[in-house]
Amino acid sequence: MMHTAVGWHVELEFQEDDQRTRAAALVRLPDGNEVRSHGYASRHHTDSNQPRVGEEIAGARALNELAMQLLTKAHEEIDEASGRTSSPLTH
């Protein structure tokens with residue numbers, strides 16, 4: 001049986017100053033829902049200013065939070081469809 005491939009597009013936006021980076025992540029799901037998350041990174045005052053590194057850390061944290069929200073959403077949908085409480089999908 002052939003299945004149609006589904007694509008998700010994740011958007012990441014960053015706001016930065018000399019000490020902090022904030023990342024905002026967004027994914028629009030085929031069911032019409034949007035899942036949003038945020039991640040942060042702070043530069044220690046003795047570290048050199050490397051904006052790319054701040055973006056990588058803040059972005060990774062935002063994506064990690066996005067992943068956890070998607071796992072929770074899937075877990076809730078499994079429970080709703082089955083009518084019972086299942087084990088969390090966190091691993």
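Which residues of E3 form the covered face, and which the uncovered one? The covered face of E3 consists of Val35, Ser37, Gly39 and Ala41, and the uncovered face of Glu34, Arg36, His38, Tyr40 and Ser42. The legends below place this strand in the predicted model.

**Figure 1. Overall view of the predicted model.** The model is predicted, with local features needing pLDDT of at least 70 and side-chain atom pairs counting only at pLDDT 80 or more, while totals for chains, interfaces and linings use all residues. Residues are numbered from 1 along each chain as its sequence is written, and side-chain values use heavy atoms, with hydrogens and water left out. The protein has three strands and one helix, in the order β-β-β-α from the N terminus. The protein is more spread out than a compact globule, because its radius of gyration is 17 Å, well over the 12 Å that the globule rule gives for 91 residues. Helices (H or I, at least four residues) and strands (E, at least two) are DSSP runs, numbered from the N terminus. The radius of gyration is taken over C-alpha atoms, and the globule rule is 2.2 Å times the number of residues to the power 0.38. Along the principal axes, the C-alpha atoms fill a box of roughly 55 × 30 × 20 Å.

**Figure 2. Surface and charges of the protein.** The accessible surface comes to about 7000 Å², and carbon and sulfur atoms hold 52% of that area. Areas come from the Shrake-Rupley method with a 1.4 Å probe; for residues, only the protein chains shown count as cover. Of the 91 residues, 21% are buried. Buried means under 20% relative accessible area, exposed over 50%, and partly exposed in between (1.4 Å probe, protein chains only). The protein carries 9 positive and 15 negative charges, whose mean positions are 2 Å apart. Lys and Arg count as positive and Asp and Glu as negative, without His and the chain ends; the place of a charge is NZ of Lys, CZ of Arg, CG of Asp or CD of Glu.

**Figure 3. Pairing of E1 with E2.** Strand E1 (residues 10-16) and strand E2 (residues 20-28) run antiparallel and are joined by seven bridges. Two strands pair if DSSP finds at least two bridges between them. The hairpin from E1 to E2 passes through three residues. Glu16 has Thr21 of E2 as its bridge partner, and Gln15 has Arg22 of E2.

**Figure 4. Pairing of E2 with E3.** Nine bridges join E2 to strand E3 (residues 34-42), and the two run antiparallel. Arg20 is bridged to Ser42 in E3. The hairpin of E2 and E3 has five residues between the strands, and there Gly32 takes a positive phi near 95°. In a regular strand the side chains alternate between the two faces of the sheet.

**Figure 5. Two buried residues of E2, Thr21 and Leu26.** Thr21 lies in strand E2 and has a relative accessible area of 8%, so Thr21 is buried. Leaving aside neighbours within four places in sequence, Thr21 is in contact (heavy atoms within 4.5 Å) with residues including Phe14, Gln15 and Glu16, as well as Gly39, Tyr40 and Ala41. Gly54, Glu55 and Ala58 are also among the contacts of Thr21. Leu26, also in E2, counts as buried because its relative accessibility is 7%. With neighbours within four places again set aside, Leu26 is in contact with His9, Val10, Glu11, Glu34, Val35 and Arg36. The C-alpha atoms of Leu26 and Ser87, 61 residues apart along the chain, are separated by 26 Å.

**Figure 6. Gln69 of helix H1 and its contacts.** Gln69 is in helix H1 (residues 51-82) and is partly exposed, with a relative accessible area of 27%. Outside its neighbours within four places in sequence, Gln69 is in contact with Val35, Arg36 and Ser37. Gln69 and Val35 are 34 residues apart in sequence and 7.4 Å apart in space, C-alpha to C-alpha. Across the protein, residues 24 or more positions apart account for 36% of the contacts with a separation of 6 or more.

**Figure 7. Ala5 in the segment before E1.** Ala5 has a relative accessible area of 74% and is therefore exposed. From Ala5 to Val27 the separation is 22 residues in sequence and 17 Å in space, C-alpha to C-alpha.
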